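Colleague: Please take a close look at one part of this model, the sheet, and describe how it is put together. I would like the strand order, the edges and whatever packs against it.

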Amino acid sequence: MLLALSFVCAPLQADPQSLQRLQDKLQGMHAFQASFTQTVIDGGGSMLQSTLGDIAVKRPGLLHWQTAAPFEQLLVSDGIKLWSYDADLEQVTVQAVAQYLSQGPALLLSGDVDNLAASYEINDAQRSDNIWQFQLVPKAPDSLFEQISLTFADNTLLQMDLLDSLGQRSSLAFSEIKINPLLDDAMFTFVPPQGVDIIAQ
């Protein structure tokens with residue numbers, strides 16, 4: 001974890017082959033499923049929260065993301081719409097997936113790999129024989145994230161680190177990883193519970 005967080009802070013050597021190396025790793029990953037531990041650290045280095053959850057993604061644009069109490073959240077995308085359900089507030093926010101892709105790192109894994117260069121400046125570094133880390137800086141001026149970092153062992157994604165516009169750092173450490181599992185499309189559909197408020201963006 002500390003290695004990945006230090007990577008978020010460290011400048012990388014620009015490499016024109018970085019984009020191709022990342023595309024090569026992502027193109028073979030048509031689906032991804034894992035459990036994760038998410039930690040959030042403020043600009044001063046203090047821990048703000050630690051959360052457990054599960055993620056499943058599938059191309060094109062399918063996402064199921066769920067975190068456990070006390071920070072419960074459910075995100076579901078069918079490739080067209082993205083639902084964000086907050087059970088405590090009894091509220092569902094709905095937006096177009098295309099609107100979220102530039103700001104949602106999880107959907108980066110299920111998006112169009114060929115369009116990465118249009119959305120990010122990409123650098124990478126080899127940390128050991130089989131460990132590669134990629135640094136993605138969003139090109140959109142209104143992005144919620146200043147930087148996204150991906151750590152791979154061979155072609156398996158181990159960790160994702162995020163630096164947001166407020167200086168907070170979030171780290172997702174994956175476990176129980178499955179590459180290209182058979183995922184039921186039903187897990188990428190969402191029917192709002194009765195009585196919840198639905199907010200369209």
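Modeller: In this predicted model, 12 strands form an open sheet in the order 7-8-9-10-11-1-2-3-4-5-6-12, and their pairing is mixed. Strand 7 and strand 12 (197-200) are the edge strands, each pairing on one side only. Direction ignored, neighbouring strands of the sheet are turned by 20° against each other on average. Helix 2, residues 18-27, packs on the sheet and touches strand 7, strand 8 and strand 9 (145-153). The direction of helix 2 makes about 110° with that of strand 8.

The edge at strand 7 can be followed in some detail. Strand 7 covers residues 120-126, and strand 8 covers residues 131-138. The two form a hairpin, with 4 residues between them. Their pairing is antiparallel and runs over 7 bridges; within it, Tyr120 of strand 7 has Pro138 in strand 8 as its bridge partner. Although strand 7 is an edge strand, this strand is mostly covered, with 5 of its 7 residues buried.

Further along the order, strand 5 (residues 81-86) and strand 6 (residues 91-96) also run antiparallel, joined by 6 bridges. Here Lys81 stands opposite Ala96 of strand 6. In the strand order, strand 6 is followed by strand 12, the edge strand at residues 197-200.

As background to these pairings, strands of a sheet pair through backbone hydrogen bonds, in either a parallel or an antiparallel sense.

Definitions and conventions
Residues are numbered from 1 along each chain as its sequence is written. This is a predicted model: local features need pLDDT of at least 70, side-chain atom pairs count only at pLDDT 80 or more; totals for chains, interfaces and linings use all residues. Side-chain values use heavy atoms; hydrogens and water are left out. Buried means under 20% relative accessible area, exposed over 50%, partly exposed in between (1.4 Å probe, protein chains only). Two strands pair if DSSP finds at least two bridges between them. Axes are lines fitted to C-alpha atoms, for helices over the stretch in contact, and angles run from 0 to 180 degrees between N-to-C directions. Contact means heavy atoms within 4.5 Å.
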